Amino acid sequence: MAAADVHRLHRPSNFNGQSIFFYKNHPIRFICIVGVIIARTEVPRRTIITLDDSSGATLDICILHADPSTRPNTQSESIHDADQPAEHGPSSSNTHARSIRPEHVSATDRTILDISSLQPGRSVKIKGTPSHFRSTMQLNLERFTLIRDTNAEMQFIDQRLRFLVEVLAVPWVLSSEEVDRCRADAERGDVMAIEHRQRAERRVKRRAEREERDFHHIQKRYEREEQKRAKEAMLSREDGVSLMRDIQWKKALASNGAGRDSR
(Lines give C-alpha, C1' and ligand atoms only; values in the text may rest on other atoms or scores of the structure.)
Protein backbone atom coordinates (compact mmCIF):
# COMPACT_ATOMS: atom_id res chain seq x y z
CA MET A 1 0.00 0.00 0.00
CA ALA A 2 0.97 3.63 -0.40
CA ALA A 3 1.32 5.97 2.56
CA ALA A 4 -1.72 7.95 1.38
CA ASP A 5 -3.76 4.71 1.31
CA VAL A 6 -2.63 3.82 4.82
CA HIS A 7 -4.03 7.11 6.10
CA ARG A 8 -7.39 6.18 4.54
CA LEU A 9 -7.72 3.07 6.68
CA HIS A 10 -10.49 3.02 9.25
CA ARG A 11 -11.60 0.78 12.08
CA PRO A 12 -15.28 0.27 12.97
CA SER A 13 -16.30 0.68 16.57
CA ASN A 14 -17.00 -3.04 16.98
CA PHE A 15 -13.33 -3.74 16.15
CA ASN A 16 -11.86 -1.47 18.83
CA GLY A 17 -9.02 -3.09 20.70
CA GLN A 18 -8.03 -5.25 17.73
CA SER A 19 -5.09 -4.65 15.41
CA ILE A 20 -7.30 -4.87 12.32
CA PHE A 21 -8.12 -1.93 10.07
CA PHE A 22 -10.21 -1.76 6.93
CA TYR A 23 -9.69 -0.38 3.46
CA LYS A 24 -13.30 -0.02 2.31
CA ASN A 25 -14.52 -3.40 3.54
CA HIS A 26 -11.22 -5.29 3.17
CA PRO A 27 -9.60 -6.27 6.50
CA ILE A 28 -5.95 -5.20 6.69
CA ARG A 29 -3.56 -6.73 9.22
CA PHE A 30 -0.11 -6.30 7.63
CA ILE A 31 1.12 -3.58 5.27
CA CYS A 32 4.14 -3.35 2.97
CA ILE A 33 5.43 0.03 1.86
CA VAL A 34 8.51 1.24 -0.01
CA GLY A 35 9.95 4.71 0.37
CA VAL A 36 12.84 6.92 1.37
CA ILE A 37 13.64 7.59 5.01
CA ILE A 38 13.50 11.34 5.54
CA ALA A 39 13.81 11.48 9.33
CA ARG A 40 14.80 9.37 12.30
CA THR A 41 13.86 10.29 15.85
CA GLU A 42 14.84 8.59 19.09
CA VAL A 43 12.20 8.73 21.83
CA PRO A 44 11.88 6.78 25.07
CA ARG A 45 11.21 3.07 24.44
CA ARG A 46 11.05 3.39 20.66
CA THR A 47 12.60 4.80 17.51
CA ILE A 48 10.50 6.63 14.93
CA ILE A 49 11.49 6.82 11.28
CA THR A 50 9.50 8.83 8.75
CA LEU A 51 9.00 7.35 5.29
CA ASP A 52 8.16 9.23 2.09
CA ASP A 53 6.92 7.14 -0.85
CA SER A 54 5.96 10.07 -3.14
CA SER A 55 2.24 9.33 -2.75
CA GLY A 56 1.47 12.75 -1.30
CA ALA A 57 1.78 11.69 2.34
CA THR A 58 4.45 10.49 4.73
CA LEU A 59 4.17 7.67 7.24
CA ASP A 60 5.78 7.17 10.63
CA ILE A 61 7.31 3.76 11.34
CA CYS A 62 7.51 2.83 15.02
CA ILE A 63 10.32 0.48 16.11
CA LEU A 64 10.11 -0.81 19.66
CA HIS A 65 13.07 -1.02 22.02
CA ALA A 66 13.84 -4.38 23.59
CA ASP A 67 12.96 -4.78 27.25
CA PRO A 68 16.23 -4.33 29.21
CA SER A 69 15.16 -7.02 31.67
CA THR A 70 15.31 -9.62 28.89
CA ARG A 71 18.98 -8.86 28.22
CA PRO A 72 21.01 -10.32 31.11
CA ASN A 73 24.35 -9.17 29.69
CA THR A 74 23.41 -5.51 29.79
CA GLN A 75 23.85 -5.13 33.53
CA SER A 76 27.09 -7.07 33.65
CA GLU A 77 28.51 -5.03 30.78
CA SER A 78 27.57 -1.78 32.49
CA ILE A 79 29.17 -2.95 35.74
CA HIS A 80 32.29 -3.98 33.85
CA ASP A 81 32.43 -0.59 32.16
CA ALA A 82 31.98 1.13 35.50
CA ASP A 83 34.96 -0.73 36.93
CA GLN A 84 37.22 0.47 34.13
CA PRO A 85 39.11 3.76 34.57
CA ALA A 86 37.43 6.71 32.96
CA GLU A 87 38.82 7.79 29.62
CA HIS A 88 38.29 11.15 28.05
CA GLY A 89 38.09 12.09 24.44
CA PRO A 90 35.90 11.39 21.44
CA SER A 91 36.86 7.71 21.21
CA SER A 92 35.67 6.97 24.74
CA SER A 93 32.41 8.87 24.22
CA ASN A 94 31.71 6.97 21.00
CA THR A 95 32.40 3.67 22.73
CA HIS A 96 30.04 4.62 25.56
CA ALA A 97 27.34 5.63 23.06
CA ARG A 98 27.62 2.28 21.34
CA SER A 99 27.44 0.43 24.66
CA ILE A 100 24.16 2.11 25.65
CA ARG A 101 22.57 1.87 22.22
CA PRO A 102 19.25 0.03 22.72
CA GLU A 103 18.27 -3.10 20.88
CA HIS A 104 15.12 -3.06 18.77
CA VAL A 105 12.50 -5.76 18.36
CA SER A 106 9.63 -6.48 16.01
CA ALA A 107 6.14 -5.61 17.19
CA THR A 108 4.55 -9.07 16.98
CA ASP A 109 7.06 -11.79 17.84
CA ARG A 110 9.74 -9.60 19.50
CA THR A 111 12.48 -10.67 17.09
CA ILE A 112 15.72 -8.72 17.49
CA LEU A 113 16.18 -6.18 14.67
CA ASP A 114 19.35 -4.39 13.62
CA ILE A 115 18.17 -1.01 12.34
CA SER A 116 21.57 0.65 12.17
CA SER A 117 21.19 0.80 8.38
CA LEU A 118 17.86 2.66 8.60
CA GLN A 119 19.25 6.14 8.20
CA PRO A 120 17.82 9.19 6.40
CA GLY A 121 18.30 8.97 2.66
CA ARG A 122 18.06 5.16 2.44
CA SER A 123 15.37 3.48 0.36
CA VAL A 124 13.72 0.65 2.26
CA LYS A 125 10.83 -1.79 2.04
CA ILE A 126 8.91 -1.96 5.30
CA LYS A 127 6.46 -4.57 6.53
CA GLY A 128 4.47 -3.71 9.62
CA THR A 129 1.17 -3.71 11.44
CA PRO A 130 -1.01 -0.58 11.38
CA SER A 131 -1.88 1.31 14.54
CA HIS A 132 -3.32 4.62 15.67
CA PHE A 133 -1.43 7.27 17.60
CA ARG A 134 -3.21 10.54 18.35
CA SER A 135 -5.65 9.97 15.47
CA THR A 136 -2.76 9.43 13.05
CA MET A 137 -1.97 6.17 11.31
CA GLN A 138 1.46 4.64 11.78
CA LEU A 139 3.15 1.27 11.27
CA ASN A 140 4.80 -0.94 13.86
CA LEU A 141 7.87 -2.45 12.23
CA GLU A 142 7.94 -6.22 11.72
CA ARG A 143 10.79 -6.55 9.22
CA PHE A 144 12.50 -4.52 6.51
CA THR A 145 14.62 -4.87 3.38
CA LEU A 146 16.93 -2.28 1.92
CA ILE A 147 16.18 -1.32 -1.69
CA ARG A 148 19.45 -1.45 -3.62
CA ASP A 149 18.33 -0.17 -7.02
CA THR A 150 15.48 1.52 -8.84
CA ASN A 151 14.36 -1.70 -10.55
CA ALA A 152 13.38 -3.29 -7.23
CA GLU A 153 11.47 -0.16 -6.26
CA MET A 154 9.58 -0.03 -9.57
CA GLN A 155 8.77 -3.73 -9.30
CA PHE A 156 7.19 -3.15 -5.89
CA ILE A 157 5.23 -0.16 -7.19
CA ASP A 158 3.88 -2.31 -10.03
CA GLN A 159 2.82 -5.00 -7.55
CA ARG A 160 1.23 -2.35 -5.33
CA LEU A 161 -0.83 -0.93 -8.20
CA ARG A 162 -1.97 -4.39 -9.29
CA PHE A 163 -3.04 -5.24 -5.75
CA LEU A 164 -4.87 -1.93 -5.42
CA VAL A 165 -6.75 -2.35 -8.70
CA GLU A 166 -7.44 -6.09 -8.58
CA VAL A 167 -8.13 -6.55 -4.87
CA LEU A 168 -8.63 -3.42 -2.78
CA ALA A 169 -10.64 -1.50 -5.36
CA VAL A 170 -13.09 -4.40 -5.74
CA PRO A 171 -15.69 -4.58 -2.93
CA TRP A 172 -15.37 -7.70 -0.87
CA VAL A 173 -18.77 -9.34 -1.28
CA LEU A 174 -19.71 -12.88 -0.31
CA SER A 175 -22.23 -14.78 -2.36
CA SER A 176 -25.17 -16.51 -0.71
CA GLU A 177 -23.42 -19.86 -1.18
CA GLU A 178 -20.29 -18.59 0.56
CA VAL A 179 -22.38 -17.15 3.39
CA ASP A 180 -24.18 -20.47 3.80
CA ARG A 181 -20.87 -22.32 3.77
CA CYS A 182 -19.38 -19.99 6.37
CA ARG A 183 -22.48 -20.33 8.53
CA ALA A 184 -22.35 -24.12 8.21
CA ASP A 185 -18.66 -24.08 9.14
CA ALA A 186 -19.44 -21.95 12.17
CA GLU A 187 -22.26 -24.23 13.26
CA ARG A 188 -20.09 -27.27 12.65
CA GLY A 189 -17.41 -25.66 14.75
CA ASP A 190 -19.93 -25.10 17.56
CA VAL A 191 -21.05 -28.72 17.37
CA MET A 192 -17.45 -29.91 17.39
CA ALA A 193 -16.73 -27.70 20.40
CA ILE A 194 -19.71 -29.18 22.26
CA GLU A 195 -18.64 -32.71 21.36
CA HIS A 196 -15.08 -31.97 22.42
CA ARG A 197 -16.31 -30.65 25.77
CA GLN A 198 -18.53 -33.69 26.26
CA ARG A 199 -15.66 -36.04 25.43
CA ALA A 200 -13.47 -34.21 27.91
CA GLU A 201 -16.16 -34.53 30.59
CA ARG A 202 -16.51 -38.25 29.86
CA ARG A 203 -12.75 -38.70 30.11
CA VAL A 204 -12.71 -36.94 33.46
CA LYS A 205 -15.61 -39.08 34.69
CA ARG A 206 -13.97 -42.32 33.53
CA ARG A 207 -10.70 -41.29 35.15
CA ALA A 208 -12.48 -40.57 38.45
CA GLU A 209 -14.29 -43.92 38.31
CA ARG A 210 -11.05 -45.74 37.51
CA GLU A 211 -9.26 -44.02 40.37
CA GLU A 212 -12.10 -44.94 42.73
CA ARG A 213 -11.98 -48.59 41.62
CA ASP A 214 -8.22 -48.65 42.04
CA PHE A 215 -8.58 -47.12 45.51
CA HIS A 216 -11.08 -49.79 46.61
CA HIS A 217 -8.94 -52.53 45.08
CA ILE A 218 -5.84 -51.29 46.88
CA GLN A 219 -7.77 -50.91 50.12
CA LYS A 220 -9.13 -54.49 49.93
CA ARG A 221 -5.70 -55.83 49.07
CA TYR A 222 -4.21 -53.96 52.00
CA GLU A 223 -6.89 -55.37 54.34
CA ARG A 224 -6.20 -58.92 53.11
CA GLU A 225 -2.49 -58.45 53.61
CA GLU A 226 -3.11 -57.06 57.11
CA GLN A 227 -5.25 -60.06 57.98
CA LYS A 228 -2.59 -62.39 56.60
CA ARG A 229 0.14 -60.63 58.58
CA ALA A 230 -1.99 -60.76 61.75
CA LYS A 231 -2.61 -64.49 61.27
CA GLU A 232 1.07 -65.14 60.63
CA ALA A 233 1.97 -63.11 63.73
CA MET A 234 -0.48 -65.14 65.84
CA LEU A 235 0.92 -68.42 64.50
CA SER A 236 4.42 -67.18 65.20
CA ARG A 237 3.48 -66.36 68.80
CA GLU A 238 1.85 -69.78 69.27
CA ASP A 239 4.90 -71.51 67.80
CA GLY A 240 7.13 -69.45 70.07
CA VAL A 241 5.09 -70.38 73.14
CA SER A 242 5.11 -74.05 72.14
CA LEU A 243 8.86 -73.94 71.53
CA MET A 244 9.53 -72.35 74.91
CA ARG A 245 7.28 -74.94 76.58
CA ASP A 246 9.22 -77.77 74.94
CA ILE A 247 12.53 -76.24 75.96
CA GLN A 248 11.42 -75.84 79.57
CA TRP A 249 10.06 -79.39 79.61
CA LYS A 250 13.35 -80.76 78.28
CA LYS A 251 15.28 -78.77 80.86
CA ALA A 252 13.04 -80.14 83.59
CA LEU A 253 13.59 -83.70 82.38
CA ALA A 254 17.31 -83.15 82.19
CA SER A 255 17.46 -81.76 85.73
CA ASN A 256 15.36 -84.65 87.11
CA GLY A 257 17.58 -87.23 85.40
CA ALA A 258 20.71 -85.60 86.77
CA GLY A 259 19.23 -85.70 90.33
CA ARG A 260 18.47 -89.43 90.17
CA ASP A 261 21.95 -90.18 88.89
CA SER A 262 23.52 -88.31 91.78
CA ARG A 263 21.55 -90.38 94.32
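Let me begin with the second largest pocket, where two elements, β3, covering residues 31-43, and α4, covering residues 150-168, each supply at least two residues of the lining. Please keep in mind throughout that what we are looking at is a predicted model. Of these elements, it is α4 that gives the largest share of the lining, namely four residues.

If you would like to find this pocket on the screen, the residues that line the second largest pocket are Met1, Ile28, Phe30, Ile31, Cys32, Lys127, Phe156, Gln159, Arg160 and Phe163. Sorted by class, that lining holds seven nonpolar residues, together with one polar and two charged ones. As for the space inside, the volume of the second largest pocket comes to about 180 Å³.

Let me now turn to the strands, and in particular to β9, which spans residues 136-146. Which strand runs parallel to β9, and how many bridges join the two? That strand is β5, residues 58-65, and three bridges join it to β9; within β5, Ile61 stands opposite Leu139 of β9.

Strand β9 also pairs with β8, residues 123-133, but here the two strands run antiparallel, and ten bridges join them. One position to look at in this pairing is Gly128, which stands opposite Leu141 in β9. The strands β8 and β9 form a hairpin, with two residues between them, and in that turn Arg134 has a positive phi of about 55 degrees.

As you follow these strands by eye, it may help to remember that, in a regular strand, side chains point alternately to one face of the sheet and to the other.

Methods
Residues are numbered from 1 along each chain as its sequence is written. This is a predicted model: local features need pLDDT of at least 70, side-chain atom pairs count only at pLDDT 80 or more; totals for chains, interfaces and linings use all residues. Side-chain values use heavy atoms; hydrogens and water are left out. On a 1 Å grid over the protein atoms alone, a cavity is a set of points where a 1.4 Å probe fits but cannot get out, and a pocket is an open set with protein on both sides within 12 Å along at least five of seven lines; lining residues have an atom within 4 Å of a point. Grid points are joined across faces, edges and corners, and a volume is the space filled by probe spheres set on the points. Ala, Val, Leu, Ile, Met, Phe, Trp, Tyr, Cys and Pro count as nonpolar, Asp, Glu, Lys and Arg as charged, and the others, Gly among them, as polar. Two strands pair if DSSP finds at least two bridges between them.
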